[in-house]
Amino acid sequence: MSLQMVTVSNNVALIQPGFSLMNFDGQVFFFGQKGWPKRSCPTGVFHFDVKHNHLKLKPVVFSKESCYLPPLRYPATCIFRNSVESEKQQYIIHGGKTPNNELSDKIYVMSVVGKNNKKVTFRCTEKDLVGDVPEARYGHSIDVVYSRGKSMGVLFGGRSYIPSAQRTTEKWNSVADCLPHVFLVDFEFGCSTSYLLPELQDGLSFHVSIARNDTIYILGGHSLASNIRPANLYRIKVDLPLGSPAVNCTVLPGGISVSSAILTQTNSDEFVIVGGYQLENQKRMVCNIISLEDNKIDIREMETPDWTPDIKHSKIWFGSNMGNGTVFLGIPGDNKQATSEAFYFYMLKCAEDDVNEDQKTLTNSQTSTEDPGDSTPFEDSEEFCFSAEACSFDGDDEFDTYNEDDEEDESETGYWITCCPTCDVDINTWVPFYSTELNKPAMIYCSHGDGHWVHAQCMDLAERTLIQLSEGSNKYYCNEHVKIARALQTPKRALPLKKPPLKSLHKKGSGKIITPAKKSFLRRLFD
């Protein structure tokens, strides 16, 4: 194992606890900045370019048919292939926190649709679920299992806000463990089914999960209810016959007590666990090798890297898996010095450089730190999380330079294109119009039908109203559907209709009144 310090040449403030890294064919991409994307990078996704221990964040673009992808911290991510032998891969993203500390319950699918020597183009699609839909959460895991030629997503654990009926001003952001349900998600048909297994008693958060074929291993994690990190090891096996799936769980010996650890794969049957915490005020400095052979799992300690004094004495650390046996680590800087950096970063290589990149085993670990707002000051404290500011993307060469006025790149992102038919915003000359757009997306959600995104400028509303719509959970409609919103309002109370009196018929020569009923009777009588 080798540990090297990495210098971040631009936009270092974007790298905050809770980010994720995605590896597409050896290229690493950063996702999960703490603030909303700026105009300088509308997508909020960056190429994680490391050369000679120097890191540059270069913005990527999205295809025009992509949906909006908010920057999510602490989501669950995993690699998805149509089959174990398939070379084409996608990334599944579920849950996570938005910069407004709202939790997401959506599933996004990320794939590469174009690549050249200058940029990579992504497509992001949102997957709707029916059935037992998992509630919004973070700090959980999602994996993909393969059985009998079919695939299925497996979601477990995490934390969520307490129910709205129990939320008060003092406990508005209080979280609780999710129920220990195991969700099977069919990505093709969008069906989700929950299973309650007796072996799983706690909804663990920030655990480590490893998926191989039809089996998932879950170890470590943290339970808020008991405030412990149990040394449990679970094996969840999923069978996918033609009928209903079969899910069973087995408790195995030999687990480890750790939370917020980072998992990286070194070869087809071997993994390494790095980082994490063993107590609420103590980092776990020991690394472990995990071997999977013949449906058996073996966990043993390995020789630790030569940790620097800064790493040893820091109270928190965070990071993510870069793939190919490499881990990206960050620690807070020394705040005592006026010129110190907010964070220092390191790259830990757990395998040789000639690692086979075409690995059949799919791995997943949650984002590598516990929630700063809910952990103790000794863990990932919020005091170390600073707001990301807009920066330039100047580079030393042609490929590293990003120009904000490069309208070609911006017009292809797809973020500012999907809108109502009456949209009159020119995507090639888009500039922030409302001050709220400096820290929130320039699009807001119309609640009509299945919903769609609308440019804030097209709403023609006062900025104060836009802020209320963005912060509240009220249903609101764009100008195109404002008539629907008015129709849904409570109608005004209408006065009862006056019934006209029955017409009276007078018989000639008499003062008696003949009603219509009597007139009909007389006609039948004389006819």
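These legends walk through several close-up views of a predicted model.

**View 1. The annotated binding site brings together residues from separate parts of the chain's numbering.**
In UniProt, an unreviewed entry marks C419, C423, H455 and C458 with the feature "binding site". Look for C423 in the loop that runs between α2 (407-411) and β32 (443-446). C458, by contrast, is found in helix α3, which covers residues 456-459. Although they are listed at separate positions, C423 touches both H455 and C458. How accessible are the two cysteines, C423 and C458? C423 is partly exposed, because its relative accessible area is 23%. C458 has 13% relative accessibility, so C458 counts as buried.

**View 2. Strand β4 sits between two partner strands, β3 and β5.**
Start with strand β3 (residues 27-31), which pairs with β4 in the antiparallel sense over three bridges. To find your place, use F29, which stands opposite H47 in β4. Now turn to β5, which also pairs with β4 in the antiparallel sense, over six bridges. Here D49 is a handy landmark, with K56 in β5 as its bridge partner. If you are wondering what holds such neighbours together, strands of a sheet pair through backbone hydrogen bonds, either parallel or antiparallel. Why is β4 described as largely enclosed by the rest of the structure? Five of its seven residues are buried, so the surroundings enclose most of β4.

**View 3. Two turns show residues with a positive phi, N53 and N213.**
A little background helps here: most residues other than glycine have a negative phi. N53 goes the other way, with a positive phi of about 65° although N53 is not a glycine. N53 belongs to the loop between β4 (45-51) and β5 (54-59). β4 and β5 form a hairpin with two residues between them, and H52 in the turn has a positive phi as well, of about 55°. Elsewhere, N213 is another residue other than glycine with a positive phi, near 55°. Look for N213 in the loop between β18 (208-212) and β19 (215-219). Are these two asparagines, N53 and N213, buried or exposed? The answer lies in between: N53 has 29% relative accessibility, so N53 counts as partly exposed. N213 is partly exposed too, because its relative accessibility is 43%.

**View 4. Four strands line up in an open antiparallel sheet.**
Follow the strands across in the order β22-β23-β26-β27. The edge strands are β22 and β27 (296-302), each pairing on one side only. From one strand to the next, the twist averages 25°. In the middle of this order, strand β23 (residues 270-274) and strand β26 (residues 287-293) pair in the antiparallel sense over four bridges. One place to look is V272, which stands opposite I289 in β26. As you trace a strand, remember that in a regular strand the side chains alternate between the two faces of the sheet.

**View 5. T264 is a buried threonine in strand β22.**
T264 lies in β22, which spans residues 262-267. What is the relative accessible area of T264? It is 0%, so T264 counts as buried. The side chain of T264 reaches the backbone nitrogen of T326 at 3.4 Å. Other residues that T264 touches include F271, V272, N321 and C350.

**View 6. Aromatic rings meet in pairs and in a cluster.**
A pair of aromatic rings is described by the distance of the centres and the angle of the planes. The count for this model comes to 20 aromatic pairs. One of them is F19 and F328, an edge-to-face pair with 6.3 Å from centre to centre and 70° between the planes. This pair links distant parts of the chain, 309 residues apart: F19 is in the loop between β1 (2-8) and β2 (20-24), and F328 is in strand β29 (residues 326-332). F19 counts as buried because its relative accessibility is 1%. F328 is buried as well, with a relative accessible area of 1%. F24 and F29 form an edge-to-face pair too, at 6.1 Å centre to centre with 65° between the planes. Both F24 and F29 are buried. Finally, look for one aromatic cluster whose members include F19, F30, F46, F48 and F328.

Key: Residues numbered from 1 in each chain as written. Predicted model: local features only at pLDDT ≥ 70, side-chain atom pairs only at ≥ 80, totals over all residues. Heavy atoms only, no water. UniProt positions renumbered as here; feature names shortened; annotations may be inferred. Buried < 20%, exposed > 50% of the residue type's maximum accessible area, 1.4 Å probe, protein only. Contact = heavy atoms within 4.5 Å. Polar contact = N/O pair within 3.5 Å; in protein donor to acceptor, adjacent residues only side chain to side chain. Pairing = 2+ DSSP bridges. Axes fitted to C-alpha atoms, helices over the stretch in contact; angles between N-to-C directions. Phe/Tyr/Trp six-rings, centres within 6.5 Å; stacked < 30°, edge-to-face > 60°. Lists of a residue's contacts leave out its neighbours within four places in sequence.
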